[in-house]
Amino acid sequence: MRPAADGHGGPPAAVPPPPGTGRPDLRVVTPADWPLWRAARIASLTASPEAFKARLADWERGGEEQWRARFEDPAAYGVLAVLGARPVGLAAGLLAADGVPELRSVWVAPEARGQDLAAGLIASVETWARGTGAAALRLSVLTANARAIALYERLGYAPADRTARELVMTKPLRPRTSRRRRP
């Protein structure tokens, strides 16, 4: 057996990839993460303005207090995909006025696409929504955003309502089942 890097005969020590390489980490947003969230949200609206109802000018304004407040609200949830120190994806959850949780602001940077990050971000919001006790998660997507609609359908969302500009989709949230074996 070849000696390991630690000299104990075990497998060689793993060498971490250099920063900015590898698979992004998913990170639940806290108020302290407001600079990363702000950077990701502005990047999403800059790179993919056609995918969102909101406009860049709506989000560029606002100082630290406004950005922090978004995640001090217990009815709000955010998750980032971070590669090194740079955000490359985001998704948010928000309880709507009618109490139904909504999936919002899903985006993955063009250079990070193709790694199924959007599905991971959405799954994180689904877990949050399930934790609220909700039976379903709702989203609105622009009807012209065919790629997003295909993604949502692949993940189990179904059309619930439609306007000329938007498609409302929902997904039932089944409670997570325990995988414990019974004796």
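**Exercise 1. The core**

How many residues does the largest nonpolar core have, and which of them have the most contacts inside it?

Solution. The model is a predicted one. Its largest nonpolar core holds 42 residues. Those with the most contacts inside this core are Leu80, Leu103, Ile122, Val125, Val141, Tyr152 and Tyr157. Next, find the suppliers. At least two core residues come from each of α1, β2, β3, β4, α4, β5, α5 and β7. Helix α4 gives the largest share, eight residues.

Now zoom in on Tyr157. Leave out residues up to four places away in sequence. Tyrosine 157 then touches Leu103, Ile122, Glu126, Leu137, Leu139, Tyr152, Met169, Thr170 and Lys171.

**Exercise 2. The chain as a whole**

List the elements of the protein chain in order from the N terminus.

Solution. Start with the count: five helices and seven strands. Then read along the chain: β-α-α-α-β-β-β-α-β-α-β-β. Next, take burial. Of the 183 residues, 40% are buried. The accessible surface is about 11,000 Å², and carbon and sulfur atoms account for 55% of that surface. Last, look at contacts between residues at least 6 apart in sequence: 57% of these join residues at least 24 apart.

**Exercise 3. The sheet**

Work out the strand order of the sheet and name its edge strands.

Solution. The seven strands line up as β1-β2-β3-β4-β5-β7-β6. The sheet is open, with mixed pairing. Strands β1 (25–28) and β6 (158–162) are the edges, since each pairs on one side only. From one strand to the next, the twist averages 25°.

Now compare two pairings. Strands of a sheet pair through backbone hydrogen bonds, either parallel or antiparallel. Strands β3 (residues 86–95) and β4 (residues 101–108) run antiparallel, joined by six bridges. Here leucine 90 stands opposite tryptophan 107 in β4. On to β4 and β5: they pair in the parallel sense over two bridges. In this pair, glutamate 102 faces arginine 138 in β5.

**Exercise 4. Helices on the sheet**

Find the strands that α4 lies across and those that α5 touches.

Solution. Take α4 (residues 117–131) to begin. This helix lies across β1, β2 (76–83), β3, β4, β5 (136–142) and β7 (166–172). Helix α4 runs at about 30° to β3. Then take α5 (residues 146–154). Helix α5 packs on the sheet and touches β4, β5 and β7. The direction of α5 makes about 160° with that of β5. Finish with β5: five of its seven residues are buried, so this strand is largely enclosed by the rest of the structure.

**Exercise 5. The length of α1**

Check the span of α1 against its residue count.

Solution. Helix α1 has 14 residues. At 1.5 Å a residue, the expected span is 20 Å. The end C-alpha atoms of α1 are 20 Å apart, so the two values agree. Now list the buried residues of α1: Trp34, Leu36, Trp37, Ala40, Arg41, Ile42, Ser44 and Leu45.

**Exercise 6. Valine 29**

Decide whether valine 29 is buried or exposed.

Solution. Locate the residue: valine 29 sits in the loop between β1 and α1. Apply the cut-off: buried means under 20% relative accessible area. Valine 29 has 8% relative accessibility, so it counts as buried. Then find its contacts beyond four places in sequence: Trp37, Phe71, Gly78, Val79 and Leu80. Take phenylalanine 71 from that list. Valine 29 and phenylalanine 71 are 42 residues apart in sequence, yet their C-alpha atoms are 7.2 Å apart in space.

Definitions and conventions. Residues are numbered from 1 along each chain as its sequence is written. This is a predicted model: local features need pLDDT of at least 70, side-chain atom pairs count only at pLDDT 80 or more; totals for chains, interfaces and linings use all residues. Side-chain values use heavy atoms; hydrogens and water are left out. Two strands pair if DSSP finds at least two bridges between them. Helices (H or I, at least four residues) and strands (E, at least two) are DSSP runs, numbered from the N terminus. Axes are lines fitted to C-alpha atoms, for helices over the stretch in contact, and angles run from 0 to 180 degrees between N-to-C directions. Contact means heavy atoms within 4.5 Å. A nonpolar core is a set of buried Ala, Val, Leu, Ile, Met, Phe, Trp, Tyr and Cys residues joined through side-chain atoms within 4.5 Å. Buried means under 20% relative accessible area, exposed over 50%, partly exposed in between (1.4 Å probe, protein chains only). The expected span of a helix is 1.5 Å times one less than its number of residues. Accessible areas come from the Shrake-Rupley method with a 1.4 Å probe; for residues, only the protein chains shown count as cover.
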